[in-house]
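Please open the structure in your viewer and keep the selection panel at hand, since each stop on this tour begins with something to select.

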There are 2 protein chains.
Amino acid sequence: MCFKKKTNSDAWWHLWKCNRCVQKRGEDTRQKLLQAAFDEIHKVGFQAASLSKILKNTGITKGALYHHFSNKLDLGYAVVDEVLFTSFKETWLEPLNNTEDPISVLQEILIASGDSMTDEDARLGCPIHNLAQEMSPLDKGFQQRTVDIYALWRKSLEAAIERGKLAGNVVPEADARRLAILFIATLDGCMGLAKSTQRLEMLLECGRGLIEHLELFRPKK
Amino acid sequence: MCFKKKTNSDAWWHLWKCNRCVQKRGEDTRQKLLQAAFDEIHKVGFQAASLSKILKNTGITKGALYHHFSNKLDLGYAVVDEVLFTSFKETWLEPLNNTEDPISVLQEILIASGDSMTDEDARLGCPIHNLAQEMSPLDKGFQQRTVDIYALWRKSLEAAIERGKLAGNVVPEADARRLAILFIATLDGCMGLAKSTQRLEMLLECGRGLIEHLELFRPKK
DNA sequence: ATAGTTGCATACCGATTGGTATGTATGTAT
DNA sequence: ATACATACATACCAATCGGTATGCAACTAT
């Protein structure tokens, strides 16, 4: 495991990847492993995820894996912290934190997600939700990480709604906290429904309903 | 495996247990296996459920298990068809199918469930929902079974609401189908939230909110 | 140039997995 | 009483699991 580097490089590529690895080659295989692990976990869950399969899919050997991660749990945590959280931050946190019109932003995210959503995406469901539901009763590490992400989601959504009210983009009667919770719960419900029915169309329909529903909180001109 | 019996007994105990087994002793161990399998699956999911652990917990041997079930999948299906579906039928279907006041019935179920709900129940979540979410993308058998249960739930709820409207126990403006879907989705959301936070109190709070919310659909005298 | 670190490959390990083969005691039907 | 089906128990199996030990090539710092 490479958690304490003796060499402290300042190579050019360290500018956009944090320096967990000294050489670029190391960071590359590390990212490949994370992506493959994410795919495997997304498909079958963390417990059933097979390290051998991840290695077979990437062509990377077991020696490399255990050079970068101390064990399976460590790999799982890294997937949450780096792959899942990063993607979550880009799709939800950053847009929400930089707007005074949260309704439009949410609708745009839903539309964009719907457009890029594949059939497999819909059938596999939200990876963060999956992991939270599978692992929360079994492992504190996963439980803490996923519940933190949900809390962050709710808070940034709540704050955006408050700003929206001040800017006149959200009706003043709206209860920001309740609305935030409701939105997340409903979206979770939609994803779960699509997963249990295994139908992408179900998800798109729910999404359209949610987009329409959000319109109710936009002030009339 | 005992799926085609040569002997066709009509012993007294066959009156309340269907005659999958000829001898009472066989039916007993079968039920013990189903219950232990349910517990194990509820705790860690189907894929991670260990047959060896189920056997250890019951003291039953592997020979007995494979006498009653052809393989792990067969055992899993039996848990859904017999344990889960039976319990679901008793708690939801029968009360809903025999009432013209669905609001009161739903509230009573929620209250009773809340009272008997243990901390572990809340942390492990709804077993049907768990199985649906874990296995739907992976196995048609589980997907079909769980989605059928959800459909049955929604239909019986919808029908009860319609009867409630005719009997004057539900406001006539209520959209039965939408209300049924919303109730199920919300309850699922509550259970999921409690599971991800690992807090029973979260579930009870959601339940109280739901009970209160249902009151809105009762006609004012 | 050389010493030391990093990155990875190969081979191996015990434990556990779901599943099977075989033997036997108990019950049932005639 | 006898023939047969039922209901197990025991022992074994290959495959896979996560994890480790060791060796070596490539890169880095001095």
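What follows is a walk through a predicted model, beginning with one whole chain and moving on to single helices, loops and residues.

**Chain A as a whole**

Begin by selecting chain A and showing it as a ribbon, where you will find ten helices and zero strands, so that the order of elements from the N terminus reads α-α-α-α-α-α-α-α-α-α. If you reduce the display to the C-alpha trace and orient it along its principal axes, the spans come to about 60 × 40 × 30 Å. Colouring by accessibility would mark 45% of the 221 residues of chain A as buried. Among the contacts in chain A with a separation of 6 or more, 65% are made by residues 24 or more positions apart.

**Helix α9 of chain A and the residue after it**

Next select α9(A), and measure between its end C-alpha atoms in the viewer: they are 31 Å apart, which agrees with the 32 Å that its 22 residues should span at 1.5 Å a residue. At the N-terminal end, display the side chain of A:Asp175, which caps the helix through an oxygen 3.2 Å from the backbone nitrogen of A:Arg177.

Then move just past the other end of α9(A), where A:Gln198 takes a positive phi of about 60°. Most residues other than glycine have a negative phi, which is the reason for pausing at this stop. A:Gln198 sits in the loop that links α9 (176-197) to α10 (200-214) of chain A. Is A:Gln198 buried or exposed? With a relative accessible area of 16%, A:Gln198 is buried, the cut-off for that class being under 20%.

**The corresponding stop in chain B**

Switch to chain B and select residues 176-197, which form α9(B), a helix of 22 residues that reaches 31 Å from its first C-alpha to its last, close to the 32 Å expected at 1.5 Å a residue. Its N-terminal cap is B:Asp175, with a side-chain oxygen 3.2 Å from the backbone nitrogen of B:Arg177. After α9(B) comes B:Gln198, which has a positive phi of about 60° although it is not a glycine. B:Gln198 lies in the loop between α9 and α10 (200-214) of chain B, and at 16% relative accessibility it counts as buried.

**A:Ser136, with neighbours in both chains**

Keep B:Gln198 visible and add A:Ser136, which is found in the loop between α7 (127-135) and α8 (140-166) of chain A. This serine is buried, with a relative accessible area of 4%, and its side chain reaches the backbone oxygen of A:Ala132 at 2.6 Å. Which residues should you display around A:Ser136, leaving aside its neighbours within four places in sequence? In chain A they are A:Leu131, A:Gln143 and A:Thr146, and in chain B they are B:Lys195, B:Ser196 and B:Gln198.

**Two packed helices in chain B**

Now select α4 (residues 72-97) and α8 (residues 140-166) of chain B, whose axes lie 11 Å apart and pack at an angle of about 5°. Because angles under 35 degrees count as roughly parallel, α4(B) is roughly parallel to α8(B). To see the contact itself, show side chains on the α4(B) side, including B:Tyr77, B:Phe85, B:Phe88 and B:Trp92, and on the α8(B) side, including B:Phe142, B:Ile149, B:Leu152 and B:Trp153. The residues of this contact divide into 14 nonpolar, four polar and three charged; B:Asp81 in α4(B) and B:Arg145 in α8(B) are among the residues that meet here.

**Helices α1 and α2 of chain B**

For the last stop, select B:Lys32 in helix α1 (residues 24-44) of chain B, a residue that counts as exposed at 51% relative accessibility. Not counting residues up to four places away in sequence, B:Lys32 touches B:Thr58 and B:Ile60. A distance label between the C-alpha atoms of B:Lys32 and B:Leu55, 23 residues apart along the chain, would read 9.9 Å.

Finish with B:Ser52 in helix α2 (residues 51-58) of chain B, which is partly exposed, with a relative accessible area of 44%. The C-alpha atoms of B:Ser52 and B:Lys62 are ten residues apart along the chain and separated by 7.9 Å.

Conventions:
Residues are numbered from 1 along each chain as its sequence is written. Chains are lettered from A and ligands numbered from 1 in the order in which they are written. This is a predicted model: local features need pLDDT of at least 70, side-chain atom pairs count only at pLDDT 80 or more; totals for chains, interfaces and linings use all residues. Side-chain values use heavy atoms; hydrogens and water are left out. Helices (H or I, at least four residues) and strands (E, at least two) are DSSP runs, numbered from the N terminus. The expected span of a helix is 1.5 Å times one less than its number of residues. A polar contact is a pair of N or O atoms within 3.5 Å; within protein, one must be able to donate a hydrogen and the other to accept it, and residues adjacent in sequence count only if both atoms are side-chain atoms. Axes are lines fitted to C-alpha atoms, for helices over the stretch in contact, and angles run from 0 to 180 degrees between N-to-C directions. Angles under 35 degrees count as roughly parallel, over 145 as roughly antiparallel, 65 to 115 as roughly perpendicular and the rest as oblique. Contact means heavy atoms within 4.5 Å. Ala, Val, Leu, Ile, Met, Phe, Trp, Tyr, Cys and Pro count as nonpolar, Asp, Glu, Lys and Arg as charged, and the others, Gly among them, as polar. Buried means under 20% relative accessible area, exposed over 50%, partly exposed in between (1.4 Å probe, protein chains only).
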